[in-house]
Amino acid sequence: MTTTDNPHLGEVVAPPEIEEETAADQAPLDRDLMALPPDASVNEYITAWFKRVRSGQSGVLPVVGGLIVIIIVFQIERSQFLSALNLVNLLQQSAAFIVLGMAEIFVLLLGEIDLSLGYSGAVGAAVMTILAYPPINLPWEFAILAGLATTATIGFAQGQIISRLRLPPFVVTLAGLLFWEGFLIWVINNQSPSNGGSIRINNTVIYDIVNGNMSVTAGWIVLAVALVLFGVVSVTRDRRRRAGGLVAPPLALTLAKVAFVAVGGIALVAICGINRAVFTGTTVRGIPWVVPIVIAIVVMWTVLLNRTRFGRYIYAIGGNREAARRAGINVHRVRVLAYTLAGLTAAAAIIILDSRTGGANTDTDGGQIVLYGVAAAVIGGTSLLGGRGKMIDALLGGLVIATIYNGMGLLSLSADFQYMITALVLLAAVIVDAVSRRGQSSA
Amino acid sequence: MMADPTDAASETQEGNVSRSALADRETNPGSEARGGTPDSQTLLSLRGISKHFGPVTALDGVDLDVPSGRVTALIGDNGAGKSTLIKVIAGIHEADHGEIFWSGERVQIRTPHEATLLGVATVYQDLALCDNLDIVANMFLGLETISHGMLDETPMELKARETLTSLSVTSVRSIRQPVGSLSGGQRQSVAVARAVMGDAKLVIMDEPTAALGVSQTAMVLDLIQRLAAGGIAVIVISHNLNDVFAVADRVAILHLGRLVSSGPASDYDRQSAVEIMTTGALSGRENGAREAAARA
Ligand SMILES: Nc1ncnc2c1ncn2[C@@H]1O[C@H](COP(=O)(O)OP(=O)(O)OP(=O)(O)O)[C@@H](O)[C@H]1O
Ligand SMILES: [Mg+2]
């Protein structure tokens, strides 16, 4: 790390003529391509990309590969695994893991952890449920906002305690885990003493977040708009880089990327467009609302991390907190804001979870689900040591966890096996991460 | 300060000056050989700076004047307090006692941000880079270009490339590669580039050439002189006395947290500098006499 242990100390430098840098297409963390000359062809880009993958520097590929293997195994064992009904079910299951993983990534990037997010999120979701329930009957928008604000405030307060008093996040948020579990039980039982520890979601909009579907036509329209936006943004960004005298990937490559995303989107909407009704004579079709919601959160938080000062500072603090401080960054403010956004996102995750189950429950296992959130992030490629990771990691990792969960359910394997297999996947992900990191540092 | 105004042999006029009004500083060039031209104004003045770390006294009543357009070399043994002193100037540590004057005005430097706003840029001994961020992001950390609330990478990348080219940093593969993948010398070049990129009025470099190869070292030494020639005040810390005497206009020597000697570089030679660094003073009368004679 420091200059002293570096083997290249006495290196003599080449003549003064700087090498062209390559087109890393956006913020510093999206470095999909290695150094290439400015006029590199598509072929050269592809070769460089394969080299990268082989040297273990591509975080995404092992996860996607692993996911495909898992899917094939389950499909061989149970032919209904890849049915429209089950795939949509899988998406619904994965949503809470994905969103909680994103919540956790805000703090994991700092090199910290928040163990309380499961229960603090559940408290926010319970607040929402209570506010939307008689006698209060708040409109769903306000109920959801209040729920999000509740957990954001909890995150803010815990962040303040951690940062101001310089306490270890692990311990403070462990205390938070216990405290908010107690608070969750208290608030639900207090509010609704005769309901056996649960409050039903009494608002169809909130219930439909996971259980309701967009019409198929609406799905296609949303997809078309999203793809056009994505394509325009990608192409104009490259064009602007070129206009500014910088290098950008060839147009064909950018278009290929957009096409790849388009194929995925079309497959998604098409599968969700198949009638998956269990009873004959009825129709159930369309994308569950939660899918575009999750994608919107991924995009929003990715932009925040990659394109704003705050995001840059999260990575900087995770990489070297003292360097960040010396660069004049208000480390305290960034950390507290990260905990606050983690809280906000965690509330969204548990709102999704409660929407799926139909109510807020005292027996929500916030201790377990928060660890699934961490696991989703880590399986996707986010480092526990800070400074490395992306929001999309939670999406991939959350899908892996949900796939295992779902497939095990189809195989009628009980919880004991689910836990053990999930554990092995998590372990494998950490090993892949460590090995690729070793390859990188020796490169 | 320790100087006895009458003892011109081991101490220079720095001691005298610290007692006189700051405004008189430039009218009192004294016997400065290289630093005496009229345009040499005091940018930064430290008076009675002390810093304790628990029981350790890292700095003890340090007085120092840093003129614009001059290279001030800060030298001293390991643990003398050099890095601590520049961290006080850079806002990393707040001094326990003492005053800081910037262009003659009393200022407080409580945070690195305040130092940056004054116009202080620093290359730290431990470089202070974020290994996970790329070269551009490190060079612009805390100084990002923003448009419409978003990071504007294009001007940052162009400026970073331009600065690195001017420093003849040519061995990096891509300025978008993470700093963690760079060699020690390349990392040091990035840290130096970051400090000289902006329009700082005072550039501080703590061991800027420790990890550099021969040609790169020459490049940084040349850059230091170019900065000073451009009117910037430069403070350089180095254990390499060859480098020190190659670029310094003024020398300040710290010993166990006290500034024991300072003055024009021409007042010192390697031998006297080493002796003051290690013992805190010049021992023999002959030495002092020889030095006084040399200056006369
Ligand atoms: N953060 C700190 N906490 C406690 N003590 C410190 C701290 N920083 C410096 N010191 C102490 O202050 C004294 C001066 O240290 P400093 O780093 O300023 O020395 P230096 O002159 O830069 O030495 P070197 O040439 O080895 O870099 C040393 O005794 C050191 O142990
Ligand atoms: Mg030092």
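Before anything else, a word on pLDDT, which is the predictor's confidence in each residue, on a scale from 0 to 100. I begin there because what we are looking at is a predicted model, and one stretch where that confidence matters is residues 285-296 of chain B, over which pLDDT stays under 50 and for which the model has 12 contacts beyond four places in sequence.

Let me stay with confidence for a moment and take the chains in turn. Chain B has a mean pLDDT of 82, with 82% of its residues reaching 70 or more, while over its residues 1-39 the value is below 50, and that stretch has 65 contacts in the model once near neighbours in sequence are set aside. Chain A averages 86, and 87% of its residues score at least 70. Within chain A, the element with the lowest mean pLDDT is helix α1, residues 42-54, at 70, and the one with the highest is helix α5, residues 140-164, at 98. Residues 1-35 of chain A fall below 50, and they have 108 contacts beyond near neighbours in sequence. For the model as a whole, the scores are ipTM 0.84 and pTM 0.85.

Turning now to the architecture of chain A, we find 16 helices and two strands, and of its 443 residues, 50% count as buried. If we consider the contacts in chain A with a separation of 6 or more, 73% of them are accounted for by residues 24 or more positions apart.

How do helix α8 and helix α9 of chain A pack against each other? Helix α8 covers residues 216-243 and helix α9 covers residues 251-273, and they meet at an angle of about 170 degrees, with their axes 10 Å apart. Since angles over 145 degrees count as roughly antiparallel, these two helices of chain A are therefore described as roughly antiparallel to each other. The residues making this contact include A:Trp220, A:Leu223 and A:Phe230 from α8(A), and A:Val258, A:Val261 and A:Ile266 from α9(A). Sorted by class, the contact has 14 nonpolar, six polar and three charged residues.

A second place to look in chain A is A:Thr340, which is found in helix α13, residues 331-357. A:Thr340 has a relative accessibility of 16%, so it counts as buried, the limit for that word being under 20%. Which residues does A:Thr340 touch, leaving aside its neighbours within four places in sequence? They are A:Ala152, A:Gly155 and A:Phe156. A:Thr340 and A:Ala152 are 188 residues apart in sequence, and yet their C-alpha atoms are 4.8 Å apart in space.

Moving to chain B, I would point you to the magnesium ion, ligand 2, which is coordinated by B:Ser83 through OG and B:Gln125 through OE1, at 1.9 to 2.1 Å. These two residues link distant parts of the chain, with B:Ser83 in helix α2, residues 82-89, and B:Gln125 in the loop between β6 and α4, 42 residues apart. Are they buried or exposed? B:Ser83 counts as buried, at 19% relative accessibility, whereas B:Gln125 is partly exposed, at 42%.

The loop between β6 and α4 of chain B also holds B:Ala128, which brings me to some details of the backbone. Most residues other than glycine have a negative phi, and most peptide bonds are trans. B:Ala128, although not a glycine, has a positive phi of about 50 degrees, and with a relative accessible area of 18% it is buried. B:Leu256 likewise has a positive phi, near 50 degrees, and lies in the loop between β11 and β12 of chain B, but B:Leu256 counts as exposed, at 61% relative accessibility. In chain A, the peptide bond from A:Pro134 to A:Pro135 is cis, with omega near 10 degrees, and A:Pro135 lies in the loop between α4 and α5.

I will finish with B:His255, which is placed in strand β11 of chain B. B:His255 is buried, with a relative accessible area of 12%, and, not counting residues up to four places away in sequence, B:His255 touches several residues, among them B:Ala80, B:Val260, B:Ile276 and B:Met277.

Definitions and conventions:
Residues numbered from 1 in each chain as written. Chains lettered and ligands numbered in written order. Predicted model: local features only at pLDDT ≥ 70, side-chain atom pairs only at ≥ 80, totals over all residues. Heavy atoms only, no water. Donors = N, O, S within 2.8 Å, 3.2 Å for Na, K, Ca; no water. Helix = DSSP H or I, 4+ residues; strand = E, 2+ residues; numbered from the N terminus. Buried < 20%, exposed > 50% of the residue type's maximum accessible area, 1.4 Å probe, protein only. Axes fitted to C-alpha atoms, helices over the stretch in contact; angles between N-to-C directions. Parallel < 35°, antiparallel > 145°, perpendicular 65-115°, else oblique. Contact = heavy atoms within 4.5 Å. Nonpolar A, V, L, I, M, F, W, Y, C, P; charged D, E, K, R; others polar.
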